Amino acid sequence: MCGATVVSWRVNNQEQLFVSKLASFDGKKAIRGGIPFVFPQFGPWSFGAQHGFARITRWNLERPPERLHNGDVEAIFSLMDNEFTRSMWNYQFRITYRLILREKELHFHIGVYNPSKELTMTFNLLLHTYLKVPDVRRCQITGLHGCTFMDKTRNDAMYQEGREVVTVNEWTDRIYQHTPQEHIITNVVSGRKMRIHKYNFPDTVIWNPWIDKAREIGDFGDDEFPNMLCVEAGHVSSPVILLPGTAFEASQILQIIIEGNVSRKTKRNR
Ligand SMILES: O=P(O)(O)OC[C@H]1O[C@H](O)[C@H](O)[C@@H](O)[C@@H]1O
């Protein structure tokens, strides 16, 4: 429950998320892998730790995992402002984080409520998804063609993506803006495809530290960079502006695409 970080997601008994072998679970720092919850800041923060406090704060378990009538498993977490959060960010807030597990899907529904009567709050929110991959150099990411991106490896310079599909062959740290609701990532675990469907998350961050940066990260193995790819749905290039008494909602669905039916059909047609 520390940071409400999802640290494992198995489909057909195969792990889909990357967690570093050096990750620390002591609750003092963010877990290196899984899906940390980034809020209220993305990136360095003058008031607190990089990527905000949500990923290092203890959340409440509102509803423990429970099987619903339709077979889905649901769990609900929540986070409210407290002394610790207000010491960095003096706002009242209430976050509800609802997770739904299906056979090949994991759904994330987020609601952020501003209970204040007079204060508008602004924040970033991002799901820092670490996908486990056999070899990142073989992954292709769709849906980024034509999008403007900020390249953090080149002093935040802005570019436009010219490639139909994006591949990662070097240190990569980019904030793609106004991305479509769907990305497909090829060659994840077992050579399958992963669909990321997002709602109210206008940005997609692509990150892999590669060789040199990996060495600089204490809780990340030097040899682990080929086995992870971060594809992060977020609201980060512009902040969410939340008026008093209103709520912001966003969601993400991760889905493993099993193409068995297609190949069976192809065989029959032969
Ligand atoms: O080391 P962390 O604080 O978890 O951040 C890990 C990474 O997160 C994001 O992907 C940022 O774009 C990167 O610049 C950052 O290095």
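Q: Which residue lies over the face of W171, and how far is that residue from the ring centre?
A: In this predicted model, K213 takes that place, at 4.6 Å from the centre of the W171 ring. A charge counts as sitting over a ring when NZ of Lys is within 6 Å of the ring centre and within 35 degrees of the ring normal. The 4.6 Å of K213 satisfies the distance limit, and its place over the face of W171 completes the case.

Q: What is known about the confidence of the prediction across the protein?
A: The average pLDDT is 95, and 96% of the residues score at least 70. One exception is the stretch 263-270, where the pLDDT is below 50. Beyond near neighbours in sequence, residues 263-270 have 0 contacts in the model. The model scores are ipTM 0.98 and pTM 0.95.

Q: Why is strand β15 called largely enclosed?
A: Strand β15 covers residues 203-208, and 6 of its 6 residues are buried, so the rest of the structure largely encloses it. Buried here stands for under 20% relative accessible area. Both faces of the strand are included: D203, V205 and W207 point one way, T204, I206 and N208 the other way, and all are buried.

Q: How do you know that β15 is paired with β12 and with β16?
A: Pairing requires at least two bridges between the strands. Strand β12 (residues 172-176) is joined to β15 by 5 bridges, and β15 is joined to strand β16 (residues 228-242) over 5 bridges as well, so each pair passes the limit of at least two. Both pairings are antiparallel. As examples, R174 has I206 of β15 as its bridge partner, and V205 has E232 of β16.

Q: Why is the aromatic pair of W45 and F53 called tilted rather than stacked or edge-to-face?
A: The structure holds 21 aromatic pairs. In the pair of W45 and F53, the ring centres are 6.0 Å apart and the planes meet at 50 degrees. Rings pair if their centres lie within 6.5 Å, and planes under 30 degrees apart would count as stacked, over 60 as edge-to-face. An angle of 50 degrees falls in neither class, so the pair is tilted. W45 and F53 are both buried.

Q: What makes F53 and W89 a tilted pair, and which parts does that pair tie together?
A: The ring centres of F53 and W89 are 6.2 Å apart and the planes stand at 55 degrees, so this pair is tilted. F53 belongs to the loop between β3 (37-38) and β4 (60-67), whereas W89 belongs to the loop between α1 (83-88) and β6 (94-101), so the pair ties together parts that are 36 residues apart in sequence. F53 and W89 are both buried. These rings belong to a cluster linked by ring pairs, with F39, W45, F47, F53, W89, Y91, F93, F123 and F248 as its members.

Q: Which residues have the most contacts inside the largest nonpolar core?
A: They are F37, F39, Y97, V112, F123 and L229, in a core of 65 residues. Strand β16 gives the most to this core, with 7 residues. A second core, of 6 residues, is separate and includes V38, F42, I175 and V205. Leaving out residues up to four places away in sequence, Y97 touches residues including A4, V6, F37, W59, F77, F108 and L127. In soluble globular proteins, nonpolar side chains tend to be buried together.

Q: Why is N13 called exposed and W210 buried?
A: N13 has a relative accessible area of 64%, which is over 50%, so N13 is exposed. W210 has 12%, which is under 20%, so W210 is buried. N13 has a positive phi of about 65 degrees although it is not a glycine, and W210 has a positive phi near 60 degrees. N13 lies in the loop between β1 (10-11) and β2 (14-15), while W210 is found in helix α2 (residues 210-216).

Q: What makes the peptide bond from F39 to P40 cis?
A: Its omega is near 0 degrees. P40 is in the loop between β3 and β4.

Q: How do you know that β10 and β11 are paired?
A: Strand β10 (residues 148-151) and strand β11 (residues 157-160) run antiparallel and are joined by 4 bridges, where at least two are needed. T148 has Q160 of β11 as its bridge partner. The hairpin has 5 residues between the strands, and N155 takes a positive phi near 55 degrees in it.

How values were computed:
Residues numbered from 1 in each chain as written. Predicted model: local features only at pLDDT ≥ 70, side-chain atom pairs only at ≥ 80, totals over all residues. Heavy atoms only, no water. Buried < 20%, exposed > 50% of the residue type's maximum accessible area, 1.4 Å probe, protein only. pLDDT = per-residue confidence, 0-100. Contact = heavy atoms within 4.5 Å. Core = buried A, V, L, I, M, F, W, Y, C linked by side-chain atoms within 4.5 Å.
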